[in-house]
Amino acid sequence: MRLRDKCLITVSILLAVAAMNASICFANVENNDFKLAFDKPANNWTEALPLGNGRIGAMVFGGAQDERLQINESTLWGGEPHDYTNANADVSLKQIRELIFSGNIAEAEKLAENVMGDPKLLMPYQPFCDIHLHFSKRDQIAEYHRELNLNDATAITTYKIGDVSFRREVFISYPDQVLVMRLTASKPAQLTFDVTMDSPQSGTTVAAFDNTLQLNGQIKPRQNPPSSWTGSWSKPGMRFAAVLKVLPQDGSIKQSDGQLHIADATSVTLLFSNATNFVNYRDISADALSRAQNYLERASKYSYDMLRQRHLDDFRALFSRVQLQLGNDQSIESIDQRIKDFAKNEDPNLLALYFEFGRYLLISCSRPGGQPANLQGIWNQDLLPPWSSKLTTNINLQMNYWQADVGDLWEMQEPLWSLIRDLRVTGAETARVNYHSRGWVLHHNTDIWRAAAPVDGSWGLWPMGAVWLSNQMWDHYEFSDDNKFLQYQAYPAMKSAAEFVIDNLFEAPPGSPVAGKLVTNPSTSPENRYLLNGKSVGLSYATTMDIELITELFEHCIRATRILAVDGEFRRQLQQLLSRLPPLQIGKRGQLQEWIEDYEETEPQHRHVSHLYSLYPGGDITLNHTPDLATAAKKSLELRGDGGTGWSTVWRVALWARLQNSQHAYNNLKLLINTSTLPNLFDLCPPFQIDGNLGGPAAIAEMLVQSSNNEIIVLPALPKQWTVGELKGARVRGGGKVDIAWKKGRLTSIKLQLVGSGAKSKLYQVVYGNR
């Protein structure tokens, strides 16, 4: 044990080979019962409770007399297989580059319309159908309660009518790919209700037969208004189908006019599954109805108790890996009231619940074999969802998966890695056609058809999406220590992204601030703008984020070539190019400069803080190794201000945590709850957007434990409000796991274990407290 710098304690711990095979033994602490509770049914979609298995999504409203389950399926999107590449983009791109270097940005932005994808707006994620239950009893409802039990991934509704208690349980099984609803009454023959299905998609049909409802449909051609930022399509699109089967314990079932009528039952089980004809981004030739029927037939072989147990075994194995406690008292208030009260009581347990809810949502909306979490995860009721509910790759998609590594939800990243494999194909075509380049490129949005071209408008001319995603793959390697993942997945994507960058670095002209340096052109700082000669513009060259992303990508590729013992000449090329990239600049206000020159900002408190990428989630700006840049980043955060949209507030939490400023991080958490959280704990952009929920656990974890490949910092940004707490099972870079506990703001215990794939021994330097 020794002192170093301003740290309170520094210790070195060698974890031996034997520790790899040791089981993880947590302290005997009572497990938190994480629940979102309500004392009334949902009136609005943002009061309903989300369920999901990565493919099927449901919002459960919990109505006592009229129940609604709004259903999604992750592959139901508008449009059809389509190549977005614009064959004529290359001509205008060369002119745009020349205009930007000459300072004629306004003209460059006009010309940018010529390089947009075909079409210029992407396709929307679509709602699938609704399930409705209508109960005949109209007597006074008493003792109403509904909840989402996060530990069990189950929505429960209970109430009484007279002396009869009613209970509904709903879950969506990943092992069996069905939604299951169990209805029970405390006395015989008390359940009488109708079941129907409908869909917001026009032309959908519903048939009733043999205790079954069957829904069939196809996405119709649609002309969407440009103001919706949603593309249109002129041909029929995906086919989709759903099957619902009623399994009563007793009573009777009749069917008529597309409805099922259940009478005088004591308990009833509903099984539901759905599917589309989506095979992959090039192929929609599957039989949707056969798929849905097959899921249901396989699930029907199991009893309700077996279906539930298979669901619990699957879900709990993931959800229980990491647990956060920030106090001992569990509130019995409804979740909407707890959110309202937070401004007064700052209940730490609500923040722990937010952490666990984010973990729950990622497991529920991103599972192996499925699609990655989009802007709304997997939950959407609108034909024209906000921003088309796309996959936005200039922060939002990446933030969706920040928690996966530290939160030990590695399997949940598989849909992201699958997306990258697809985009390496479509992105290579866009790189070839638009840029005459090797490698693969991705701009700021994609969809199920794997668009890689620039879209929307001039702000879409940001060719760094592939670089950022490649860096995220490297980060997973650092957490997992998995050389196979590096060799077969991460490094091929990283190298290809680097090849695109190499072919698109240009020497800055004489007279420019970085004359002779190698710069990107065109680009932008995502969605932000600056003032040039009194006019608001957004395109530029060598934006700070570009340089940060490229620098870290080249550094990661260099390290990967050494680990894998490959591509020595490529490594030497990258080393030479690194020395020719522009340095990060500090502006006249002491801030980290966002643009190539210290321009006045159009919106000083803009939601994006893209130029702080290398502070978080990147790692090249640190308090210890680059103190001047860290100080400049701090100034940028001060000038930007706290809060913003839900997701941008989460990013600020993580950035302040990296600066080990506990109170600024905590203040942004307060703003997240007080101004950007909906009644069901969904994140408010506005409107609802999932990224704040999914990024929240990563930001909170960053306040409690930070890591590089050989150093762990525990409690780097612990706020005074969290007097007691415990974090168990958090992953750290280098293949380790850590459990920590504290009381009265002081560390009381720490446990480290090496579990990284292929690791033999590891030397960690553990730093307690901020620097």
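In this predicted model, Leu 51 of one strand stands opposite Ala 58 in β4, and that pairing is a convenient place to enter the structure. Four bridges join β3 to strand β4, which covers residues 56-60, and the two strands run antiparallel. A second partnership along the same pair of strands places Leu 49 against Val 60, its bridge partner in β4. The hairpin formed by β3 and β4 has three residues between the strands, and within this hairpin Gly 54 takes a positive phi near 90°.

On its other pairing, β4 meets strand β5, residues 66-73, in the antiparallel sense over five bridges. Ala 58, already met opposite Leu 51, has Ile 71 as its bridge partner in β5. These two strands also form a hairpin, here with five residues between them, and Gly 62 in the turn has a positive phi of about 75°.

How are the residues of β4 distributed between its two sides? Ile 56, Ala 58 and Val 60 point one way, while Gly 57 and Met 59 point the other way, and all of them are buried. In a regular strand the side chains alternate between the two faces of the sheet. Because five of the five residues of β4 are buried, this strand is largely enclosed by the rest of the structure.

Stepping back from β4, one finds an open sheet of seven strands, in the order β3-β4-β5-β6-β11-β16-β15, with antiparallel pairing. Its edge strands are β3 (49-52) and β15 (252-256), each of which pairs on one side only. Neighbouring strands of this sheet are turned by 20° against each other on average, when direction is ignored.

Another open sheet is built from four strands, in the order β18-β30-β31-β32, and here too the pairing is antiparallel. The edge positions are taken by β18 (323-325) and β32 (746-754), each pairing on one side only. For this sheet the average turn between neighbouring strands, direction ignored, is 15°. Strand β18 pairs with β30 (residues 724-732) in the antiparallel sense over three bridges, and Gln 325 has Glu 726 as its bridge partner in β30.

The aromatic residues offer another route through the model, since a search of the whole structure finds 27 aromatic pairs. In one of them, the rings of Phe 34 and Phe 319 have their centres 6.4 Å apart and their planes at 85°, so the pair is edge-to-face. Phe 34 lies in the loop between β1 (9-15) and β2 (35-38), whereas Phe 319 belongs to helix α4 (residues 304-319), so the pair ties together parts that are 285 residues apart in sequence. Phe 34 is buried, with a relative accessible area of 4%, and Phe 319 is likewise buried, with a relative accessible area of 4%. Both rings belong to a cluster linked by ring pairs, which also includes Trp 45, Phe 315, Phe 357, Tyr 360, Trp 379, Phe 682 and Phe 688.

Charged groups sit over some rings as well. The charged end of Arg 146 is placed over the ring of Phe 38, 4.0 Å from its centre, and Arg 367 lies over the face of Tyr 174, at 3.9 Å from the ring centre. Both Arg 367 and Tyr 174 are in contact with Asp 314, as is Pro 175, when the neighbours of Asp 314 within four places in sequence are left aside. Asp 314 has its place in helix α4, and at 19% relative accessibility it counts as buried, because the limit for that class is under 20%.

Where does Lys 495 lie? Its place is in helix α11, residues 483-503, and at 23% relative accessibility Lys 495 counts as partly exposed. Not counting residues up to four places away in sequence, Lys 495 touches Cys 557, Asp 567 and Phe 570. Of these partners, Cys 557 is buried, with a relative accessible area of 0%. The C-alpha atoms of Lys 495 and Pro 679, which are 184 residues apart along the chain, are separated by 44 Å.

The cysteines close this walk through the model. A search of the whole structure finds zero disulfides. Why does Cys 365 not form a bond with Cys 685? The sulfur of Cys 365 has its closest cysteine sulfur in Cys 685, at 16 Å, which is too far for a bond. Cys 365 is itself buried, with a relative accessible area of 1%.

Technical notes:
Residues numbered from 1 in each chain as written. Predicted model: local features only at pLDDT ≥ 70, side-chain atom pairs only at ≥ 80, totals over all residues. Heavy atoms only, no water. Phe/Tyr/Trp six-rings, centres within 6.5 Å; stacked < 30°, edge-to-face > 60°. Buried < 20%, exposed > 50% of the residue type's maximum accessible area, 1.4 Å probe, protein only. Lys NZ or Arg CZ within 6 Å of the ring centre and 35° of its normal. Contact = heavy atoms within 4.5 Å. Pairing = 2+ DSSP bridges. Axes fitted to C-alpha atoms, helices over the stretch in contact; angles between N-to-C directions. Disulfide = S-S within 2.5 Å.
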